[in-house]
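Work through the exercises below with the sequence and the coordinates open beside you, and try each task before reading its solution.

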Amino acid sequence: MESVNPNMEKAEENYKVPNLEKGIAVMEYLSLRSQGDTLQAIKDTLDISQTTAYRILNTLVRLDYLTYNEDTKRYKLSRKLLTLGFRALNEHNLLETVLPRLRDLRDLVSETACFGVLGNEKGIFIEQAQGHHTFRFMLSPGKPFELHCSAPGKAIMAYLPNTVRDRYLTYMDFERYNNRTIISKDEYLAELDTVRKTGIAMDNEEEMTGVICIGAPIFNYTGYPCGAIWISGPKDRLTKDVIRSSSGHIKRIAQLISSELGYSRLLTENR
């Protein structure tokens with residue numbers, strides 16, 4: 001049986017920063033609550049004293065990692081962590097490039113235009129340009145999306161290297177949302193073949209009945225699919241003619257973003 005060195009354990013304890021650990025615990029707790037939570041709920045759940053919890057929360061608010069709503073008395077994560085995450089991925093210039101083009105796309109089609117990337121196991125919604133219609137779709141940054149039934153998921157997965165795509169396939173359980181949802185790996189791979197042929201990915205009411213999404217991949221300078229843009233709208237507005245014209249706009253804007261990120265099809269094909 002392996003022995004434990006008590007001096008080593010003591011040394012590790014000496015290097016701990018308890019309040020830092022509690023601050024991280026607070027952010028991890030709030031990451032699971034899109035509406036945020038109150039001081040009382042946070043301190044009770046995490047078993048932190050009220051004074052310590054108050055100091056941590058207000059420090060995080062002061063540093064812009066949290067926001068505080070005076071009306072609801074709730075603390076919630078800000079977008080600052082999202083910015084840090086992008087920097088960690090070395091994609092910090094990606095959002096700056098995408099955002100103006102998202103607005104351009106929104107203005108062309110009037111529907112909400114969105115941008116997302118791959119996470120550890122699912123996609124992650126990053127940002128949106130809200131549509132011009134009174135009834136429009138809104139998402140919260142950081143919200144995960146499924147890869148098997150979403151337009152951005154299909155758009156990115158279709159162009160991943162085989163080894164990377166196979167790894168993500170092992171994470172997918174192909175949950176059925178309705179009778180339009182793809183629930184088999186073979187059917188899904190056939191769908192990805194279609195995406196590669198057309199350059200456009202569709203969510204044809206596969207997750208939410210009555211909602212259609214149309215997306216296209218974004219490539220970085222190495223030719224890697226670093227994200228996707230898409231639009232979402234009710235099927236009553238997204239008729240066949242509208243889908244056809246919108247698909248052209250989405251594809252063109254995605255190609256423009258990719259070009260601004262340094263992507264060149266000729267260069268990547270010749271490597």
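A polar contact is a pair of N or O atoms within 3.5 Å, where, within protein, one must be able to donate a hydrogen and the other to accept it, and residues adjacent in sequence count only if both atoms are side-chain atoms. The model is predicted, so that local features need pLDDT of at least 70 and side-chain atom pairs count only at pLDDT 80 or more, while totals for chains, interfaces and linings use all residues. Residues are numbered from 1 along each chain as its sequence is written, and side-chain values use heavy atoms, with hydrogens and water left out.

**Exercise 1.** Describe the surroundings of Glu-206, and decide whether it is buried or exposed.

*Solution.* Begin with the location: Glu-206 sits in the loop between β7 and β8, where strands (E, at least two residues) and helices (H or I, at least four) are DSSP runs numbered from the N terminus. Next, take the relative accessible area of 6%, by which Glu-206 is buried (under 20%, as against over 50% for exposed and partly exposed in between, with a 1.4 Å probe and protein chains only). Then look for polar partners: the side chains of Glu-206 and Lys-154 are joined by a polar contact of 2.7 Å, and the side chain of Glu-206 also reaches the backbone nitrogen of Asn-204 at 3.2 Å. Finally, leaving aside residues up to four places away in sequence, Glu-206 touches several others, among them His-148, Tyr-177, Arg-180 and Glu-191, contact meaning heavy atoms within 4.5 Å.

**Exercise 2.** Determine the strand order of the sheet that contains β7 and β8, and find its edges.

*Solution.* Strands count as paired if DSSP finds at least two bridges between them. On this basis 6 strands form an open, antiparallel sheet in the order β6-β5-β4-β9-β8-β7. β6 (144-145) and β7 (201-204) each have a single partner strand, so one side of each is left without a neighbour in the sheet. At the β6 edge, 2 bridges join β6 to β5 (residues 123-129), and Ile-124 has Pro-144 as its bridge partner.

**Exercise 3.** At what angle do the axes of α2 and α3 cross, and which residues make the contact?

*Solution.* With axes fitted to C-alpha atoms over the stretch in contact, and angles running from 0 to 180 degrees between N-to-C directions, α2 (residues 18-31) and α3 (residues 39-46) cross at roughly 115 degrees, their axes coming within 11 Å. The contact is made by Ala-25, Val-26, Tyr-29 and Leu-30 of α2 and Ala-41, Ile-42, Thr-45 and Leu-46 of α3.
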